[in-house]
Amino acid sequence: MHFTAFRYAFIVALGGFVFGLDAAIISGTVGFVGTEFNLSDLQVGTVVSAPGFGVLFALLTVGYLSERLGRKRLLQWIAFFYLVSATWSAFAPSYEQLIAARFLGGLAFTSLSLAAMYIGEIAPAHMRGKLVAMNQINIVVGLSAAYFINYFILQASSSGAGWVSTIGLDTNTWRWMLGSEILPAAIWFGLLFFIPKSPRWLVLKGRDEEASMVLAKLSTPEMVRGQLLSIKQSIASSGSSNSVVEQFRKLMCPTMRTILWIGVTFAIVQQITGINAILFYAPTIFEQLGIGTNAAFMNAVFVGLVSLVATACALLFIDTLGRRPMTILGLSVAVISLSICAYGFHSASYTLTEATISALPEAIELDRINHLVNQEFHSDVSFKDALRSALGEEIVRDYGSDLMAAAAKLPATLILIGILCFIAAFQFSVG
């Protein structure tokens, strides 16, 4: 019986993997997409952030739709959105269509809350915590897989192998990166047809006999009646049948208000640390250190591996150390780590020398930047502004990593350690 619950939970938790893959895979495509569609920095940022706008809209309706359609049916629609979004993104012929495809994928980001809800409703009480945590692990595995896939595709695209040209990996590198999500999204969509409807939702709809049949698959026959009664009592006590206005009124009562503010504070603090900027722009950030594109993608793989290890440690120690100490410890280390990064970038300087510019690609007209030789810039922003004035937006966009590698003088190792420690601390605090 327990294996059946595990199997259903594992299938649903695969959505966490697809989410992690979808969220981080864009990190490797930023430079390629900008070049392909001749985009400004603002337009590139819009492509990256498009799913965020989609999920804002979806969160307003996911509660209603999960009650109306059921958890299983809505999960199937979400998986279908992921599949269509990945396919559309990979073949998008224009900047506008890429944004629309990414926005559609954002609508599917609600799989996180819905998957946890479904798993909690089908899992036996003594397994509930572990099975719900499976979703969190899969998210981090998906993030790590995205960085690894991007690195593998980048390396393969420049290998010169015959098959690379045959499939267009060298000319459509970013499309293959985004298209890598199609297969896992399709697998998840297909597997969702083999899970049962949520017994709690069936009881909500007055379909007790069907709920009993589902519960019989998850526990022994003699326990079904007690579990069915427990679900009915839970629904009655939670007021699930109340209107949205009534539920909101209860949420704002004095006894719940403090809990609400704690939840809102946690949500805000976790996001304003800047975790999403690192996850979505990891290779770009590492290129700013002047280590080159290949090394930047390799270090992004380390970000994924550190996230995976830190999440596993958090889940291992959460019942031993407790959530409050872990949160305080994690956020404290995050503050220290971000301070290290701030110091590293503050002490940075960017200077082109005659020796370094001689090694730049031939596409860069050296005569146009000779006046910048031996000039010291104390921020990457001012350095890039000077390059844009001399070379133009297009050259700086296409060869920015080469120019940064030639000019950057900063404690790259220190900053890298700071970023990896921040990733570990964040995952530990939210595990």
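What is the volume of the largest pocket? Keep that question in mind as you open the viewer, and remember that this is a predicted model. The answer is about 1,700 Å³.

**Stop 1: the largest pocket**

Select L112, Q136, I139, Q270 and V430. Of the 50 residues that line the largest pocket, these lie nearest its centre. Now colour helix α8, residues 128–157. With 10 residues, α8 provides the largest share of this lining. If you colour the lining by class, you will find 30 nonpolar, 15 polar and five charged residues.

**Stop 2: α7 beside α8**

Keep α8 on screen and add helix α7, residues 111–122. The two axes come within 9 Å and cross at roughly 155°. Angles over 145 degrees count as roughly antiparallel, and α7 and α8 are therefore roughly antiparallel to each other. Their crossing is right-handed. To see where they touch, show L112, A115, A116, I119 and G120 on α7, then R128, L131, V132, N135 and I139 on α8. This contact has seven nonpolar residues, two polar and one charged. You have already met two of these residues: L112 and I139 are among those nearest the centre of the largest pocket.

**Stop 3: α18 against α23**

Next, select residues 293–321 for helix α18 and residues 412–430 for helix α23. Here the axes are 7 Å apart, and the helices pack at an angle of about 35°. This crossing is right-handed. From α18, the contact residues include F302, V306 and A310, while L416, L420 and I423 are among those from α23. By class, the contact contains 12 nonpolar and four polar residues, with no charged ones.

**Stop 4: the second largest pocket**

Now pick G31, T284, E287, K384 and R397, which lie nearest the centre of the second largest pocket among its 38 lining residues. The space here is about 1,100 Å³. Helix α22 (393–407) is one of the elements that supply at least two lining residues, and α18 from the previous stop is another. With nine residues, α22 gives the most. The lining has 15 nonpolar, 14 polar and nine charged residues.

**Stop 5: a cavity**

How many cavities of 30 Å³ or more does a search of the whole structure find? It finds one, with about 40 Å³ of space. Select D22, I25, S85, A86, S89, R102, L178 and E181 to show its lining. Both α1 (2–25) and α5 (71–91) give two or more of these residues, and α5 gives the most, with three. Colour them by class to finish: three are nonpolar, two polar and three charged.

Terms used
Residues are numbered from 1 along each chain as its sequence is written. This is a predicted model: local features need pLDDT of at least 70, side-chain atom pairs count only at pLDDT 80 or more; totals for chains, interfaces and linings use all residues. Side-chain values use heavy atoms; hydrogens and water are left out. On a 1 Å grid over the protein atoms alone, a cavity is a set of points where a 1.4 Å probe fits but cannot get out, and a pocket is an open set with protein on both sides within 12 Å along at least five of seven lines; lining residues have an atom within 4 Å of a point. Grid points are joined across faces, edges and corners, and a volume is the space filled by probe spheres set on the points. Helices (H or I, at least four residues) and strands (E, at least two) are DSSP runs, numbered from the N terminus. Ala, Val, Leu, Ile, Met, Phe, Trp, Tyr, Cys and Pro count as nonpolar, Asp, Glu, Lys and Arg as charged, and the others, Gly among them, as polar. Axes are lines fitted to C-alpha atoms, for helices over the stretch in contact, and angles run from 0 to 180 degrees between N-to-C directions. A crossing is left-handed if the near helix is turned anticlockwise from the far one by less than a right angle, and right-handed if clockwise. Contact means heavy atoms within 4.5 Å. Angles under 35 degrees count as roughly parallel, over 145 as roughly antiparallel, 65 to 115 as roughly perpendicular and the rest as oblique.
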